[in-house]
Amino acid sequence: MAKQYDVLFRLLLLGDSGVGKTCLLCRFTDNEFHPSHISTIGVDFKMKTVVIDGIKVRIQIWDTAGQERYQTITKQYYRRAQGIFLVYDITSERSFQHIMKWASDVDEYAPDKVQKILVGNKSDEVDKRQVATEQGVKLAKAYGMDFFETSAFTNHNITESFTRLAEQVLAANKKDLDLLRMSVNDELNLTALEEEEGLCDSGTGDQGKGCWC
Ligand SMILES: Nc1nc2c(ncn2[C@@H]2O[C@H](COP(=O)(O)OP(=O)(O)O)[C@@H](O)[C@H]2O)c(=O)[nH]1
Ligand SMILES: [Mg+2]
């Protein structure tokens, strides 16, 4: 069977509960938005293929729950991530302050080579804004990351931010792309392994287990 993609990356969405991680993911993979918040249970993923410089990049995006009690689960995922979204909510100063905590977890648990991007979500909520765009720009600069303000609601900067992180991961791994190339069999075996470990209760298909919004 012909391979459907050239390379597979794992990206991870991190940030406090309620910042819009699950909605960002649903918007990017399914172009859907759900106005109600249903807590993400543990960790799960969705997939999407993008073409960058003629290379078919299959991105596996892992969603997490922000609650403290799930931290022990998500730490295992830092180690296997090639790219990480640090997400805050522009209407929540608290979620912005917590980016420091998320970033220090990434430093501690993720591989040195991991690529990071800062995302201020809910840019459509102009009247409720608590975090100025300049604050996001400044923080991203301090961490040496790219920065996007996004809206899962209006679809603002969604494709742009996901594609940028995938591009960064591709650039960082250009030399040893072979290490990242996975056959379809490898992918299936990996999923089976994760199910055995009880880390992924479904999601063997392209879309994971559907939308948890
Ligand atoms: N206005 C607005 N609301 C959003 C946006 N993204 C998410 N939400 C809402 O924020 C709440 C939490 O979203 P969710 O994706 O479940 O957050 P998570 O806990 O980080 O996964 C939900 O009520 C969403 O409808 C956005 O871009 N704009
Ligand atoms: Mg969620």
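**Group meeting: a walk through the predicted model**

Let me begin with one residue, Asn-121, which is buried, with 30 other C-beta atoms within 10 Å of its own. I should say at once that this is a predicted model, and that what I describe today is computed from its coordinates.

Asn-121 lies in strand β5, and if we leave aside its neighbours within four places in sequence, it is in contact with Val-19, Gly-20, Leu-24, Val-87, Asp-89, Ile-90, Thr-150, Ser-151 and Ala-152. One of those partners, Val-87, is 34 residues away from Asn-121 in sequence, yet the two C-alpha atoms are 6.8 Å apart in space.

Another residue of strand β5 is Val-119. Val-119 counts as buried because 32 other C-beta atoms lie within 10 Å of its own, and the cut-off for a buried residue is 20 or more. Beyond its neighbours within four places in sequence, Val-119 is in contact with Phe-85, Leu-86, Val-87, Phe-148, Thr-150 and Ser-161. Val-119 and Leu-14, which are 105 residues apart in sequence, have C-alpha atoms 10.0 Å apart.

Let me now step back to the whole chain. There are eight helices and six strands, and, read along the sequence, they follow the pattern β-α-β-β-α-β-α-α-β-α-β-α-α-α. Of the 213 residues in the chain, 38% are buried. If we take the contacts between residues at least 6 apart in sequence, 75% of them join residues that are at least 24 apart.

That brings me to the core. In soluble globular proteins, nonpolar side chains tend to be buried together. In this model the largest nonpolar core has 44 residues, and those with the most contacts inside it are Leu-11, Leu-13, Ile-84, Phe-85, Leu-86 and Val-87. The elements that give two or more residues to this core are β1, α1, β3, β4, α4, β5, α5 and α6, and β1, with seven residues, gives the most. Leu-11 shows what such contacts look like in detail: apart from its neighbours within four places in sequence, Leu-11 is in contact with Ile-59, Ile-61, Ala-81, Gln-82, Gly-83, Ile-84, Phe-85 and Leu-165.

Two of the helices that contribute to the core deserve a closer look, and I will take α5 before α6. In α5, which runs over residues 133-143, Gly-136, Leu-139 and Ala-140 are buried. Seen down the helix axis, these buried residues fall within an arc of 100°, so they line one face of α5. What covers them includes α4, at residues 99-109, β5, at 115-121, and β6, at 146-149. The face of α5 turned away from this buried side carries the exposed residues Glu-134, Lys-138, Lys-141 and Ala-142. After α5 comes Gly-144, whose phi is positive, near 70°.

Helix α6 has 15 residues and reaches 22 Å from its first C-alpha to its last, which is close to the 21 Å expected at 1.5 Å a residue. Its buried residues are Ile-158, Ser-161, Phe-162, Leu-165, Ala-166, Val-169 and Leu-170. Two of these have come up already, since Leu-165 is in contact with Leu-11, and Ser-161 is in contact with Val-119.

Next, the ligand. How many residues surround ligand 1, and which of them are the closest? The shell has 21 residues, and the closest are Gly-20, Lys-21, Thr-22, Cys-23 and Phe-153. Helix α1, at residues 21-30, supplies the largest share of this shell, with three residues. By type, the shell divides into six nonpolar, 11 polar and four charged residues. Gly-20 links back to where I started, as it is in contact with Asn-121.

Finally, two asparagines in loops, for anyone who likes to check backbone angles. Asn-31, in the loop between α1 and β2, has a phi near 50°, a positive value in a residue other than glycine. Asn-31 is exposed, because the count of other C-beta atoms within 10 Å is 10, and a residue with 12 or fewer is classed that way. Asn-155, in the loop between β6 and α6, also is not a glycine and has a positive phi, of about 75°. With 14 C-beta neighbours inside 10 Å, Asn-155 counts as partly exposed, whereas Asn-121 is buried.

Definitions and conventions: Residues are numbered from 1 along each chain as its sequence is written. Chains are lettered from A and ligands numbered from 1 in the order in which they are written. This is a predicted model: local features need pLDDT of at least 70, side-chain atom pairs count only at pLDDT 80 or more; totals for chains, interfaces and linings use all residues. Helices (H or I, at least four residues) and strands (E, at least two) are DSSP runs, numbered from the N terminus. The arc is that of the directions from the helix axis to the C-beta atoms. Two residues are in contact if their C-beta atoms, placed from the backbone, lie within 7 Å. A residue is near a molecule or strand if its C-beta atom, placed from the backbone, lies within 6 Å of it. Ala, Val, Leu, Ile, Met, Phe, Trp, Tyr, Cys and Pro count as nonpolar, Asp, Glu, Lys and Arg as charged, and the others, Gly among them, as polar. A nonpolar core is a set of buried Ala, Val, Leu, Ile, Met, Phe, Trp, Tyr and Cys residues joined through C-beta atoms within 7 Å. The expected span of a helix is 1.5 Å times one less than its number of residues.
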